[in-house]
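Welcome! Open your viewer, switch on a cartoon view, and get ready to select residues as we go.

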Amino acid sequence: MEGARGNREVPPAANVVDLDDWLRAVVATPGLTAIRDIHEARRVLLDDSLRAVELVGRFGGPIVDVGSGGGVPGIPLAVSLPDRRVTLLEANGRKCDFLRRWAPPNAAVVKGRAEEQETDVYGVAVAKALASPPVAAEWCLPLVRPGGAAILWAGPSADSDHVARVASKIGGELAETPPGFLLLRKVEATPEGFPRRTGVARKRPLA
């Protein structure tokens, strides 16, 4: 998969993933979600992921799902956008094994952290329940090339001013965003020194 360092895992060609089967597998697999009710899982994991299809479609180029976990939101997006290449980026090896079993043909699984990846590569970075919005912005936006965007799922309590300050320091800006999301446009190349390496962003997000 273009633009990713480290281990690259490309799933074999397969039939289109059935999202109902995938969702049941996520709920049934320990360590992927605390949700056990399939109807609640559909609302929170599947339907909420699919809300971003139109927003992602505004930007061209490959997509990276940062901290993909069980494939949320990357697998629903990959199935819904079969002409786009999607990277499912996940640091946990066991979760990567799950992702390899369920990734559709246009998706590749990469084992690694956001801080270890090549910068300014993807058209879109997405993240759902990755970290607090300022930290998620610091991990995701450097992966995106100028003209692209990072799309973060965020609740109404998210501090958009803080996120905007973070974005401004790593080549981005906060754009007008539909409810439930933060849209960060990448306006210039990532400055030298970003993304900050393992541990730093987790402890002290940019002010």
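Let's start with a single residue: is Cys140 buried or exposed? Select Cys140 and show the surface: its relative accessibility is 0%, so Cys140 counts as buried, because the cut-off for buried is under 20%. Keep in mind throughout that this is a predicted model.

**Stop 1: the whole chain**

Zoom out and colour by secondary structure. You should find eight helices and eight strands. The chain has 207 residues, and 51% of them count as buried. Now turn on the surface: the accessible area is about 9200 Å², with 50% of that belonging to carbon and sulfur atoms. If you take the contacts with a separation of 6 or more, 66% are between residues 24 or more positions apart.

**Stop 2: helix H1**

Next, select residues 19-28, which make up helix H1. Show the side chains of Leu19, Trp22, Leu23, Ala25, Val26 and Val27, which are buried. What do they pack against? Add helix H2 (38-50), helix H4 (74-80) and helix H5 (93-102) to your selection, and you have the partners of the buried residues of H1. Before leaving, look at the N-terminal end of H1, where Asp18 acts as a cap. One of the side-chain oxygens of Asp18 lies 2.8 Å from the backbone nitrogen of Asp20.

**Stop 3: a cysteine and a bond count**

Now select Cys96. With a relative accessibility of 0%, Cys96 counts as buried. How many disulfides does the structure have? The count comes to zero.

**Stop 4: rings in pairs**

Show the aromatic side chains. The structure holds two aromatic pairs. In one of them, the ring centres of Phe98 and Trp102 are 6.5 Å apart and the planes meet at 35 degrees, so this pair is tilted. Both residues sit in helix H5, four residues apart, or about one turn of the helix. Phe98 is buried at 2% relative accessibility, whereas Trp102, at 22%, is partly exposed.

Trp153 and Phe181 also form an aromatic pair, and this one is edge-to-face, with 5.0 Å from centre to centre and 65 degrees between the planes. Where in the chain do Trp153 and Phe181 lie? Trp153 belongs to strand S6 (residues 144-153) and Phe181 to strand S8 (residues 181-186), so select both strands to see how the pair links distant parts of the chain, 28 residues apart. Trp153 is buried, with 10% relative accessibility, and Phe181 is buried too, with a relative accessible area of 7%.

How values were computed:
Residues numbered from 1 in each chain as written. Predicted model: local features only at pLDDT ≥ 70, side-chain atom pairs only at ≥ 80, totals over all residues. Heavy atoms only, no water. Helix = DSSP H or I, 4+ residues; strand = E, 2+ residues; numbered from the N terminus. Buried < 20%, exposed > 50% of the residue type's maximum accessible area, 1.4 Å probe, protein only. Contact = heavy atoms within 4.5 Å. Areas by Shrake-Rupley, 256 points an atom, 1.4 Å probe, with all protein chains shown as cover. Polar contact = N/O pair within 3.5 Å; in protein donor to acceptor, adjacent residues only side chain to side chain. Disulfide = S-S within 2.5 Å. Phe/Tyr/Trp six-rings, centres within 6.5 Å; stacked < 30°, edge-to-face > 60°.
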